[in-house]
Amino acid sequence: MRYASITDRLAGLGSGKWALHLQARAMIAAGVPVIELTIGEPDMPPDRALLDEAARAMYAGRTKYSDGRGEPAVVAALVEKYRKRRADVTEENILCFPGTQTALFAVLLGLAEAGDEVLVGDPLYATYEGVIASSGAAIRTVPLRAENRFHMKAEDVEAAITPKSRVLLLNNPHNPSGAVLTRDEVFAIGEVCRRHDLWIMSDEVYEELTFGAAFFSPFDFPEFAERTVAVSSISKSHAAPGFRSGWAAGPAEFCERLLPISETMLFGGQPFIADMTAMAVSQPFDTARRMRESYSRRANIAAETLAGSNTIRPLMPEGGMFILLDVGATGLESEDFARKLLGEKHVAVMPGASFGEEARNFIRLSLTVPDDTLREAVSRIADLGQELTGAAARQA
Ligand SMILES: Cc1ncc(COP(=O)(O)O)c(C=O)c1O
């Protein structure tokens, strides 16, 4: 049978990237006690009040069709949220989507197509390649360098731009590195995009999970308002990924043009989830604060556990729910190291190579397990590092 070319473009970009994670899950199912540090799923439940609100709304009959842009209450709550960041935001700047992932997909469909290029930092979040390939545009990577703690630099963006470049996919705070860009870095990147007339699609899903560093976005600068679309959700901030509730915030004309795409795809969302999201966005909850505390404490635990290791070096995250460890000194690249780690030490991590060439010497650990479990996993990683370098020294 014949298929459309999108199926070829996306072949291998789905769960194939998570091969090691799937292997770990199969081992766990077979009874092997694997410590799983692969995916980033908040390790706390959403606030009880949010669950109650979703249930209340459902029982109150909020189970009918929804407005295509988003239910008025959640749109109003998002207007309030973004008005704190830029005073001119109105309902016309908001579109709701079932999660950041869908927002990324739909927004890019409205901004780029075959013949265009989308710029994105390397390393990159695993689904971006598929998002870009779906639009038909080509991916053009901007190297994020380990020596810059994987902060995107405006000059590297500028060097990657060609006449075909249309969009910069910016991810800040960054997955997998946990880099949080400074105000100056964000502004300089925005200036480059303005000079070259690029859109900025800004994935801000970890906005609330920074460990002290202030969060900045091109969305907040009036200078970049006409070219920036911010996408986010309650998945991380409220530990609620299963609710699939997110949004895009961008220029009014962009939202107007994108609405028919969104309506064609989704025909609206779920009103009871919209009610719960309106509550999440407009009222204070301490879920994000508790996650920030846990994840930064655990990043420190990982670093302390590695203090005696001269082969595995942590790259301290400034936000998010992961930590990168540099395993390059073991002589193995990340995929081989991660495979060995799973096979011999029963610890499952993501190889940095799954996120891009620039992270090939790193492994990514999720910080969403209890402190003791993480300590145990990191000491097994240190042991493997020791064994590998000991073996290399013996061979030499
Ligand atoms: C950078 C980044 N963007 C988007 C997502 C997906 O977010 P959502 O659950 O809102 O679709 C994730 C999930 O891990 C992520 O790390």
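**Close-up A. P173 and its loop in the predicted model.** In this predicted model, P173 sits in the loop that runs between β5 (165-171) and α8 (183-195). Look at the link just before the ring of this proline: the peptide bond from N172 to P173 is cis, and its omega is near -10°. As a reminder while you look, most peptide bonds are trans.

**Close-up B. A cis bond leading into P123.** Here you can follow the backbone from D122 to P123, where the peptide bond is cis with omega near 15°. P123 belongs to the loop between β3 (117-122) and α6 (128-135).

**Close-up C. R149, a residue with a positive phi.** Most residues other than glycine have a negative phi. R149 is not a glycine, yet its phi is positive, at about 55°. You will find R149 in the loop between β4 (138-143) and α7 (154-160). Is R149 buried or exposed? R149 counts as partly exposed because it has 17 C-beta neighbours inside 10 Å, while a buried residue would need 20 or more and an exposed one 12 or fewer.

**Close-up D. H346, between a helix and a strand.** H346 lies in the loop between α12 (334-345) and β11 (347-348). What is the phi of H346? The value is near 55°, which is positive, and H346 is a residue other than glycine. Around H346 there are 17 C-beta neighbours inside 10 Å, so this residue counts as partly exposed.

How values were computed. Residues numbered from 1 in each chain as written. Predicted model: local features only at pLDDT ≥ 70, side-chain atom pairs only at ≥ 80, totals over all residues. Helix = DSSP H or I, 4+ residues; strand = E, 2+ residues; numbered from the N terminus.
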